[in-house]
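Subject: Structure for you to look at, with notes

Dear colleague,

I am passing on the structure we spoke about, and my notes on it follow directly below. Please read them with the model open beside you.

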Protein chains: 2
Amino acid sequence: MGKKRVTLADVARLAGLSQTAASMILTGRPDTRLSAEAHARVHAAAAELGYRPNLAARALRTDKTRTIAFISDVVATTRFANGLIRGTLAAADEAGHVVLLLETGGEPAREVQAIEAALDRQVDGFIFAAMRAREVFVPALPAASRVVMLNATSRQHPVSVLPDEFEAGRAAIRLLDSAGIRDGLALIGHNPVVEQGYFRSETVSRRLAGIRAEMERLNMAFVVEESCWNWEATHGYELVKGLLDRRAPIKALLCLNDRLAFGAYQALGEAGLKIPADIPVISFDNDELAADLRPGLTTFALPHERMGQEAVRLLLAPEIEPFEHLIPMTQVLRESLSNIGDG
Amino acid sequence: MGKKRVTLADVARLAGLSQTAASMILTGRPDTRLSAEAHARVHAAAAELGYRPNLAARALRTDKTRTIAFISDVVATTRFANGLIRGTLAAADEAGHVVLLLETGGEPAREVQAIEAALDRQVDGFIFAAMRAREVFVPALPAASRVVMLNATSRQHPVSVLPDEFEAGRAAIRLLDSAGIRDGLALIGHNPVVEQGYFRSETVSRRLAGIRAEMERLNMAFVVEESCWNWEATHGYELVKGLLDRRAPIKALLCLNDRLAFGAYQALGEAGLKIPADIPVISFDNDELAADLRPGLTTFALPHERMGQEAVRLLLAPEIEPFEHLIPMTQVLRESLSNIGDG
DNA sequence: CGCAGTTGCTAAAAGGATTTAGCAGATGAT
DNA sequence: ATCATCTGCTAAATCCTTTTAGCAACTGCG
């Protein structure tokens, strides 16, 4: 067994040509003047020897590595990371690239470290992903670096990919409207009076803005709006239980995310109320949870996978497209609203 | 601004020494005979210039990249991936390594591709992760490659990291026993008669084996065992609903994972049964879900994060430790069982 | 025929580190 | 005084590609 790696020199030798010729042919240079026969011989030799270029050597020469760095604040806590990573991986693979995954925990020091580690490995570009879309500070980078912000925005780096929250907010209201739900509607997760002066993440703001814009257009209003800061199941439960306890006149629930909706389900269930017959519920995110709830939760899906793909596309695109790229959130109809006619 | 990268030659020049000396000093070679003063000068020069070694050049020479490949079948569908990846990332970072993330979808062709992509980049080692522990086929690799199987096993690669399912199974039974639950116990998710001849994943078998071993030891038996192949919420719901419909004499539920338990919650809730007062429930995995259920679900946690860390440790350890490394599953007590005394 | 331009190819440099082999001077032993 | 050894350091080779510069032979044109 020839233990040694096969090098370009081996291929050239077998093909009876110079290394230069072999290199040009294998890298598919356009206007070389090498003969068709030379091409054939080199390809044959490469195939026969099972030649694979040494990417370190190539990187040394060209400064290109077909590797992109995915730097995120937290992979950990959030199930959302999966979709973003999966989409990124798929698109990168498609483009013959590979992904270096780095986590910073949101700490500036580790951010700098991560960037240096990536730079040392001469990545071709950076994707900065935040698990909660937010204004992200990105430490200084070599001027030439290609950067895409994923589920995040940054003053210095204008290329970003975000879910189209505003449209999803509007669509949610339209869905309720077209289901004939125009009053008795409760909003779970936000109250503008209570939260005045506090800034939520950029995407959340847009989600709310879309909701309110469409309600205004349709001349609708919430009968009650319940605020809580973290949108977790337990808060959904408590808020809705509170509403029920004080006999608020609610006929439908618009929850600001699926976990709140989950909590709402629990409160409604305890109170003996049926979804959707008594109270329809809709929500946002399309968490894994949403399909497992009973009845299934109608919700607007965060398009994480497509976002990841888009980020890679933008990163590798020949032209920089320096603006926000909004990916539509698709409506996922399940029984928590779609059966409305049945009751 | 000096746009050019600073190289070792620059450092050497500034320090007034040869490149050889600079290299030896910066890489911390042990028995070089260079003077203390030379050391100081080189370090000072490196710091002053902000020198960072070109890793491609180093890789070309040494075949080491301080990069490890994390090759998994699916990052996608499973929330479990998070913990494994997070642990891996943390430990790699700690050790000054970086992680290349590759996904194969479990398809052999893509597995080969992923391995080649990693090999091309001269990774220092491979972690093969399966999202459902199973016997994994790993395509041929250069003989010298360092490999660790994570949540998976492989005939060719003996170093593996797995959750200690057997002990968790035993612990679950001990927990029930010590809570005074000795009869009326239903097992949700498996029935040895129905499933005879079918092989589930390695870890699942062990989980069951632990359960059955401890029951035998304590002279306990299930009053009923319900089988289903995929452990999803909907199956949990249907199985438990079925039990309730036919008035099976059940007093407690041992669910084989949290999603089944979630379904069980739904069925019990509909039937107006209280957890744990009427029916305590315990389970395995410690899915995110488990904390959000109401009452909280007592469960045995899959130690994914620690598993990821251990995998990296084994990969980089000076000595190969060619056997299974079992990571304990910790008991997470919540209200679905711990309140048993209250009823 | 002389000259310009094409065609088909190659020698050698460059990229930035590590590592081998070895040199000059000092020290110690005989 | 001679030889061996140690000390502190360096020149040059090496890893494997890509790329620049250019060569020799041929074609076409006036």
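A residue is called buried here when its relative accessible area is under 20%, exposed when that area is over 50%, and partly exposed in between. Please also keep in mind throughout that this is a predicted model.

With that cut-off in hand, B:P163 counts as buried, because its relative accessibility is 1%. B:P163 sits in strand β5 of chain B, which covers residues 160-163. Leaving out residues up to four places away in sequence, B:P163 touches B:N151, B:T203, B:L302, B:P303, B:M307, B:L326, B:I327 and B:M329. The C-alpha atom of B:P163 is separated by 48 Å from that of B:A40, a residue 123 places away along the chain.

Two residues of chain A can be set beside this one. A:R206 belongs to helix α8, residues 202-218, and, with a relative accessible area of 17%, A:R206 is buried because that value is under the 20% limit. Apart from its neighbours within four places in sequence, A:R206 is in contact with A:L162, A:E165, A:F166, A:E324 and A:L326. A:K4, by contrast, is found in the segment before α1 (8-15) of chain A, and A:K4 counts as exposed, since its relative accessibility of 73% is over 50%. Between the C-alpha atoms of A:K4 and A:W231, which are 227 residues apart along the chain, the separation is 57 Å.

Chain A as a whole

The secondary structure of chain A consists of 13 helices and 12 strands. The radius of gyration of chain A is 27 Å, whereas the globule rule gives 20 Å for 343 residues, so chain A is more spread out than a compact globule. The C-alpha trace of chain A spans about 90 × 45 × 40 Å along its principal axes. Of the 343 residues in chain A, 54% are buried. When contacts in chain A between residues at least 6 apart in sequence are considered, 71% of them join residues at least 24 apart.

How the two protein chains are related

A turn of 180° with a shift of 0.1 Å along the axis lays chain A on chain B with an RMSD of 0.3 Å. That is why the relation can be described as that of a two-fold axis. Both copies are served by the same surface, in that 100% of the contact residues of chain A recur in chain B.

DNA strand C

Around DNA strand C there are 27 residues, and the closest are A:T20, A:S35, B:L8, B:S23 and B:R61. By class, the surface near this strand has 11 nonpolar, 10 polar and 6 charged residues. At least two residues of that surface are supplied by each of α2 and α4 of chain A and α2 and α4 of chain B, and the largest share, 5 residues, comes from α4(B). Of the atoms of DNA strand C within 4 Å of the protein, 48% belong to sugar or phosphate, and the rest belong to bases.

Three polar contacts to DNA strand C may be worth finding on screen. A polar side-chain atom of B:S23 lies 2.5 Å from a phosphate oxygen of the strand, while a backbone N or O atom of B:N54 lies 3.1 Å from a phosphate oxygen. For B:T20, an N or O atom in the side chain is 3.2 Å from a base oxygen of DNA strand C.

DNA strand D

Which residues come nearest to DNA strand D? Of the 27 residues around DNA strand D, they are A:L8, A:Q19, A:R61, B:T20 and B:S35. The surface near DNA strand D has 11 nonpolar, 10 polar and 6 charged residues, and α2 (19-26) and α4 (55-62) of chain A, together with α2 (19-26) and α4 (55-62) of chain B, each supply at least two of its residues. Sugar or phosphate accounts for 52% of the atoms of DNA strand D within 4 Å of the protein, and bases account for the rest.

Here, too, phosphate oxygens take part in polar contacts. One phosphate oxygen of DNA strand D lies 2.9 Å from a polar side-chain atom of A:Y51. Polar backbone atoms are involved in chain B, where that of B:S18 is 2.8 Å from a phosphate oxygen and that of B:S35 is 2.7 Å from a phosphate oxygen.

With best wishes

Note on methods
Residues numbered from 1 in each chain as written. Chains lettered and ligands numbered in written order. Predicted model: local features only at pLDDT ≥ 70, side-chain atom pairs only at ≥ 80, totals over all residues. Heavy atoms only, no water. Near = heavy atom within 4 Å. Polar contact = N/O pair within 3.5 Å; in protein donor to acceptor, adjacent residues only side chain to side chain. Helix = DSSP H or I, 4+ residues; strand = E, 2+ residues; numbered from the N terminus. Nonpolar A, V, L, I, M, F, W, Y, C, P; charged D, E, K, R; others polar. Least-squares fit on C-alpha atoms with pLDDT ≥ 70 in both. Contact = heavy atoms within 4.5 Å. Buried < 20%, exposed > 50% of the residue type's maximum accessible area, 1.4 Å probe, protein only. Rg over C-alpha atoms; globule rule 2.2 N^0.38 Å.
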